[in-house]
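Visitor: I should like to examine this model through a few questions. May we begin with the ligand and then turn to the cysteines?

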Amino acid sequence: MLRSRFLWQVWGLLGLTLIVSAFVFGFFVADQVERNSLKRIEQTMLDQAHALTPTLSPFLDSGGILPSEELVRMTPGVTSRITLIDSIGVVLADNKSNPVTMDNHLNRPEVTASAAGSYGVSQRHSDTLNLSMLYVAIPIRSLSGKQGFLRMALPLTAINEQMAGLRNRIYFSAAMVGMLFLFIGYFLAFRVTNPIAQMTEVARNVAEGDYHLRLPADRADEIGQLSVVINELALGVQGRIDDLIDSRNRLAAVIAGLTEGVIAFDQGQKVLHVNDAALIMLGLKVEQVLNQNFSQVATTREIRQAVETCVEEQTNVVSTVNFGSSTFECSCVQMDVGSDEGNGGILVLEDITERMHLEKVRSDFVANASHELKTPISAIRGLVETIIDDPKMPDDVFARFMERIRQQTIRLDRIVQDLLHLSRFDSTDREKSFSRIELAGVIAQVFQAKAYDASDESIQLDLDLQAEKLEIDGEAEALNQLVTNLVDNAIKYTGEGGQVVLRLSKVGSMAMIEVQDNGIGISKDETQRIFERFYRVDRARSRDIGGTGLGLAIVKHIAQAHQGSVAVDSQIGKGSVFSVQIPLAEEVDEA
Ligand code: ADP
């Protein structure tokens, strides 16, 4: 489009100038040629007049009139009009008209002019012939010295026709030259406008984001230099854009890799960017969020409110919001989006559900631990104060009080021991103290240690080693504690005459320790909670039989510290099976 318009403009202007120049030049040439031709014709007529002078000058002396036919006869081959005039203007002879009918010619311009000099010339209409004529007159003199004038005349129509032919030829030549100029001009104009069109094309491509087009840099002139500069410009822009795209991609990758949900929006709340984490957290698809107004996005009122406040009040907003069963920490920080109408913002959503849960577990634990410790301490305090207040207390009562104090301190000791165990197995980096352990040995040890306790309670404790030489990487003391706690519980919660089986087997690449009893069992609902710290199904009963509510929590922690897990299968009144799975050491697995 541009190429053609610009090309036509340049060519049109150039062509017009060339054609006008050719015609002006042609006009001047024609004019000059016309003048020269007239001059030549005048000269020819003058020459003719001079040539006829000797023939016609004698008639000046005669003073008579020469008939036209006579004059024609005397001047054979002369086509021009010949007029012989005497010194007082009387026409003595004329080859085209009867001299008698002709008026005095002394005042004719050519005659007047020739009387003053060597000849006279005039162009005008002839009344005699009723034609436009060119007149040339010279003064002549007869041998006797009589003066007169010899006038030659040619009709201008013939001359004009001659001139018109000449002018036509000149104008035709000018037109041909003009055409040639136009043809050359087109190539000249093309040579100038084509590089400009190419430059425009490259510039447009750069503007549209395609930086790969290059201009031919084969010209050494200014246009060639401009092409080189434009090529360098495109290359520079391409480099900078590539850098920008690189850093944008890196940034996008970083944002995409964040576990926090990130949503960027402008001052009008239009969403500019959203990462996958945000979409997953809000349960939305990208098209439901990207480029939408955030107030229309299906989140909670609290999140929308945070974004609205951030944009409208141009302030950072931090709040904790509930979203379904999750809890998010929602922070909205302002972001400069380069608008005069204010800042946009970035909404960062952090899923703090787990953290909140852990915090609750921790605070519950502190409250529970305090409560558990407070009970025996209060009992001891009460007993001690009673003893102090009653110095005359009978010995048997005193002995009973002291026994109760002893029991409470044992209980305190047990709680503290369990808390210490728990905190030990709670700490991370335990694998450093791990060693290769043969599980059957650990289990046999516990079996022996608990055999007496079981028989005290009239419970049959059996050992079932289905697999021998199962090695794991772990801590022997901790594993001993794990099995002891499970066997203790089985004995505690199984009535007299019951049966407890301590079993070791191999399940795939795992070692499985099972403690099975036919005791009181646990309901489905309770099995979900018994691994929580201080949770007991029957608080009073557990306490009476010396339970702290921490035994199974310790079991769970030890199993997890060994990359294992614990599960329970139980039925009220029928008994329970606690099973712990721990990965076998690799070499054992291969053997
Ligand atoms: P406790 O010190 O009270 O025994 P645990 O953490 O060891 O605490 O156990 C939590 C609760 O799980 C117990 O209070 C008891 O109600 C239940 N429980 C544990 N082991 C058994 C079992 N073998 N049979 C029935 N109930 C059990």
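**Ligand contacts and cysteines**

Guide: In this predicted model, a polar backbone atom of V537 lies 3.2 Å from an oxygen atom of the ligand. Of the ligand's 520 Å² exposed when taken alone, the protein buries 98%.

Visitor: How far from an oxygen atom of the ligand does a backbone N or O atom of G549 lie?

Guide: G549 is among the residues that come nearest to the ligand, together with N489, Y493, S542 and T548. L552 also places a polar backbone atom 2.9 Å from a ligand oxygen. For the backbone N or O atom of G549, the distance to an oxygen atom of the ligand is 2.8 Å.

Visitor: Which element supplies the largest share of the shell around the ligand?

Guide: The shell comprises ten nonpolar, eight polar and three charged residues. At least two shell residues come from each of helix 13 (476-492), helix 16 (551-561) and strand 17 (575-583). The largest share, three residues, is that of helix 13.

Visitor: How many disulfides does the model contain?

Guide: A disulfide requires two cysteine sulfur atoms within 2.5 Å. By this rule, the count is zero. C310 takes part in none, as its nearest cysteine sulfur, in C332, is 4.5 Å away.

Visitor: Why is the sulfur of C330 without a bond to the closest cysteine sulfur?

Guide: C330 is buried, with 0% relative accessibility, and C310 is likewise buried at 0%. The sulfur of C330 forms no such bond because the closest cysteine sulfur, in C332, is too far away, at 5.3 Å.

Terms used: Residues numbered from 1 in each chain as written. Predicted model: local features only at pLDDT ≥ 70, side-chain atom pairs only at ≥ 80, totals over all residues. Heavy atoms only, no water. Buried < 20%, exposed > 50% of the residue type's maximum accessible area, 1.4 Å probe, protein only. Near = heavy atom within 4 Å. Polar contact = N/O pair within 3.5 Å; in protein donor to acceptor, adjacent residues only side chain to side chain. Areas by Shrake-Rupley, 256 points an atom, 1.4 Å probe, with all protein chains shown as cover. Helix = DSSP H or I, 4+ residues; strand = E, 2+ residues; numbered from the N terminus. Nonpolar A, V, L, I, M, F, W, Y, C, P; charged D, E, K, R; others polar.
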